[in-house]
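Here are some notes for a colleague who is opening this structure without having seen it before. They are set out as numbered points, from the overall layout down to single residues.

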Amino acid sequence: MTNQSKFILYKDLPIKHEDDEVTESVSCFLWDYLRRSGAMGFVLPLSGGLDSCSSAICVFHLANKILQYKHVVLSELRRIVQDPNFDP
C-alpha cells in the first residue's frame, strides 16, 4: 500500500484498507477474471465446510464492492450480463 494514495486501485475497484487487503484482493481478482473470461457469472458450489465459507465470503465482498462502485463499473457489468438495462 502506498503512502501517497492511501488506497490501491485494482482495475476499477479500489482496496482502501490494509487490513482487508487479502479479502479485497481476492474479490478484485474475481472481478478481473469475470471481465476477462467472457463468463456471465460464477457457480458457487457449497458443501458447508470452511473452504465453502471462505469462497462465499469472497464472492459476497465482490458483490458488495460492485454495488459500492457501480457508478464506475456499471457499463462493464452490463456487458458481462449482456443486458444494456441491467441495474443491480
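1. The side chain of Ser52 is a convenient place to start, and it should be kept in mind throughout that the model is a predicted one. Ser52 belongs to helix α2, and with a relative accessible area of 7% it is buried, since buried means under 20%. A polar atom of the Ser52 side chain lies 3.0 Å from the backbone nitrogen of Ser47.

2. As for the overall layout, the protein has 3 helices and 2 strands, and read from the N terminus on, these elements follow the order β-β-α-α-α. Of its 88 residues, 23% count as buried.

3. Helix α1 covers residues 21-37. Its 17 residues reach 23 Å from the first C-alpha to the last, which is close to the 24 Å expected at 1.5 Å a residue. The buried residues in α1 are Glu24, Ser27, Cys28, Leu30, Trp31, Asp32 and Leu34, a list in which the acidic side chains Glu24 and Asp32 may catch the reader's eye.

4. Ser27 deserves a closer look within α1, because at 1% relative accessibility it counts as buried. A polar atom of the Ser27 side chain lies 3.1 Å from the backbone oxygen of Cys58, and Cys58 is itself one of the buried residues of α2.

5. What follows α1 along the chain? The residue is Gly38, whose phi is positive, near 85°. Gly38 is found in the loop between α1 and α2 and is exposed, with a relative accessible area of 52%. Although Gly38 and Val81 are 43 residues apart in sequence, their C-alpha atoms are 9.6 Å apart in space.

6. Helix α2 runs over residues 50-68. It has 19 residues and reaches 27 Å from its first C-alpha to its last, close to the 27 Å expected at 1.5 Å a residue. Buried in α2 are Ser52, Cys58, Leu62, Lys65 and Ile66. Seen down the axis of α2, these buried residues fall within an arc of 155°, so they line one face of the helix. As general background, an α-helix has 3.6 residues a turn, so residues three or four places apart point the same way.

7. Is Ile57, which also lies in α2, buried or exposed? Neither word applies in full, because at 38% relative accessibility Ile57 counts as partly exposed. The C-alpha atom of Ile57 is separated by 8.3 Å from that of Thr23, a residue 34 places away along the chain.

8. Helix α3, residues 70-81, departs from the straight-helix expectation: it has 12 residues, but its end C-alpha atoms are only 14 Å apart, short of the 16 Å that a straight helix would reach at 1.5 Å a residue. Val73, Leu74, Leu77 and Ile80 are buried in α3. Viewed down the axis of α3, its buried residues fall within an arc of 140°, so they line one face of the helix. On the other side of α3, His71 and Ser75 are exposed.

9. Gln82 comes just after α3 and takes a positive phi of about 55°, a positive value in a residue other than glycine. Gln82 is also exposed, with a relative accessible area of 60%. A reader checking the backbone may therefore wish to set Gln82, exposed at 60%, beside Gly38, where the phi is likewise positive.

10. How much space lies in the largest pocket? The volume is about 200 Å³. The pocket is lined by 14 residues, of which Leu34, Leu62, Ala63, Ile66 and Leu77 lie nearest its centre. Among these, Leu34 is buried in α1, Leu62 and Ile66 are buried in α2, and Leu77 is buried in α3.

11. Which helix gives the largest share of that lining? It is α2, with 5 residues, while α2 and α3 each supply at least two. The lining residues divide into 13 nonpolar, 1 polar and no charged.

Definitions and conventions
Residues are numbered from 1 along each chain as its sequence is written. This is a predicted model: local features need pLDDT of at least 70, side-chain atom pairs count only at pLDDT 80 or more; totals for chains, interfaces and linings use all residues. Side-chain values use heavy atoms; hydrogens and water are left out. Helices (H or I, at least four residues) and strands (E, at least two) are DSSP runs, numbered from the N terminus. Buried means under 20% relative accessible area, exposed over 50%, partly exposed in between (1.4 Å probe, protein chains only). The expected span of a helix is 1.5 Å times one less than its number of residues. The arc is that of the directions from the helix axis to the C-beta atoms. On a 1 Å grid over the protein atoms alone, a cavity is a set of points where a 1.4 Å probe fits but cannot get out, and a pocket is an open set with protein on both sides within 12 Å along at least five of seven lines; lining residues have an atom within 4 Å of a point. Grid points are joined across faces, edges and corners, and a volume is the space filled by probe spheres set on the points. Ala, Val, Leu, Ile, Met, Phe, Trp, Tyr, Cys and Pro count as nonpolar, Asp, Glu, Lys and Arg as charged, and the others, Gly among them, as polar. A polar contact is a pair of N or O atoms within 3.5 Å; within protein, one must be able to donate a hydrogen and the other to accept it, and residues adjacent in sequence count only if both atoms are side-chain atoms.
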